[in-house]
Each structure stands twice: as C-alpha cells, then as structure tokens.
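Ready for a few warm-up exercises? Keep the sequence and the 3D view open, try each task, and then read the solution.

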Amino acid sequence: MEFIPSPNFWEGRRGQKPTAIVVHMTVGNFESALSWLTRKQSEVSAHYLISKAGRVVQLVDEKNAAWHAGRVDNPTWKLIRKDVNPNLYTIGIEHENEKGEPMTPAQWRASTALIAEIAERWAIPIDCDHIVKHRSIFSRKTCSGNGIPMGS
C-alpha cells in the first residue's frame, strides 16, 4: 500500500477511537480525486482512496482524524453521536467513481479486504450499522454510493 499524505486532518482523535467506517464514492477519476484530497485548499481528505483497478493509497494515518464526514445533515445513521464530529470516530474510504457506476471487481476486492483489516484492527463490527455510506451522515452529499451494494 502506498502512502501519499494529505495535509487535511486533525492530529489525534480528541479521546475518541474509530468505531465505524464511512464509505465514499468520488466524483471523478482516481488522479483528480487524489489531487483534490491531497490539496491543502480543498480542506477535505479521507484515510484511504481506492482506484477502479484496486490500487489502495493511504492519505491519513488511522490514529488521526481525516476530514471526510464532519458535516452532518439529516443523518439516517443510527449511531451518529450528537455534538461529536463524526471525523473523530470514523475511518473514511473513498472509491474512484466517475458516473455512479458499480465498483469494479478489483475495487470491490480491495475495498472488502481493507475494510476487514480496519475492522479487525479497531474491533469494528462488520455490519450496516458500522460500515456506512457517507450519505447516511450528510444527506445532501453528491457522494451517491450507488455503486455500493450495502444497507443505507
């Protein structure tokens, strides 16, 4: 796995630990997403980015809070914590996606393997309450999740 650092994160997690994984879909190709997520001016990041070909790049160390899910709007996620920024207790995984298409087989394999590793490392249950789509936190987000075959 490659590490290409993003400058957009908080050092540490302010006493929180990861208890869930947030799955995102990019709006654009891998290279444009990588450029955006590693640009200071974007003020966004994720812990990981996975290409359609299955390439996994880590952008933020898991011990730190990436800026991937901090805005909350009409959340449907039942484990959302009131008055705690979700970036502090989640790990974010972006997936290359240009047109809302399903994940490729290589991307799916890389994603499920990464989710299993993260879940084991942090004792996160692998279920629809702990592996969630970004739109379950921020309902107006363009990160549709159409290519993600999972619960809400």
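Before we start, a word on vocabulary: helices (H or I, at least four residues) and strands (E, at least two) are DSSP runs, numbered from the N terminus. This is a predicted model, where local features need pLDDT of at least 70, side-chain atom pairs count only at pLDDT 80 or more, and totals for chains, interfaces and linings use all residues. Residues are numbered from 1 along each chain as its sequence is written, and side-chain values use heavy atoms, with hydrogens and water left out.

**Exercise 1. The overall build**

Task: Work out how many helices and strands the chain has, and in which pattern they follow one another.

Solution: Start by counting: there are two helices and eight strands. Next, walk along the sequence, and you get β-β-β-α-β-β-β-β-α-β. Now look at the extent: the C-alpha trace spans about 35 × 30 × 30 Å along its principal axes. Last, check the radius of gyration (taken over C-alpha atoms; the globule rule is 2.2 Å times the number of residues to the power 0.38). The chain has 14 Å, which agrees with the value near 15 Å for a compact globule of 152 residues.

**Exercise 2. The sheet**

Task: Find the order of the strands in the open sheet of six strands, and say which ones stand at the edges.

Solution: First the rule: two strands pair if DSSP finds at least two bridges between them. The order is then E1-E5-E4-E7-E3-E8, with mixed pairing. E1 (2–3) and E8 (131–133) stand at the edges with a single partner strand each, so one side of each has no neighbour in the sheet. For an antiparallel pair, take E4 (residues 48–50) and E5 (residues 56–58), joined over three bridges; here Tyr48 stands opposite Gln58 in E5. For a parallel pair, take E3 (residues 20–25) and E7 (residues 90–95), with six bridges. In that pair, His24 sits opposite Glu94 of E7. E3 also runs parallel to E8, over three bridges, and Val23 has Lys133 in E8 as its bridge partner.

**Exercise 3. A covered strand**

Task: Decide whether the two faces of E3 are covered or open.

Solution: Buried means under 20% relative accessible area, exposed over 50%, and partly exposed in between (1.4 Å probe, protein chains only). By that yardstick, six of the six residues of E3 are buried. In a regular strand, side chains alternate between the two faces of the sheet. So split the list: Ala20, Val22 and His24 are on one side, Ile21, Val23 and Met25 are on the other, and all are buried, which means both faces are covered. For the chain as a whole, buried residues make up 46% of the 152 residues.

**Exercise 4. Two unusual backbone angles**

Task: What is the sign of phi at Asn74, and what is it at Asp83?

Solution: Begin with the background: most residues other than glycine have a negative phi. Asn74 has a positive phi, near 45 degrees, and is not a glycine. Asp83 isn't a glycine either, and its phi is positive too, at about 65 degrees. Where are they? Asn74 lies in the loop between E6 (65–66) and E7, and Asp83 is in the loop between E6 and E7 as well. Finally, check their cover: Asn74 is exposed with a relative accessible area of 57%, and Asp83 counts as exposed at 74%.
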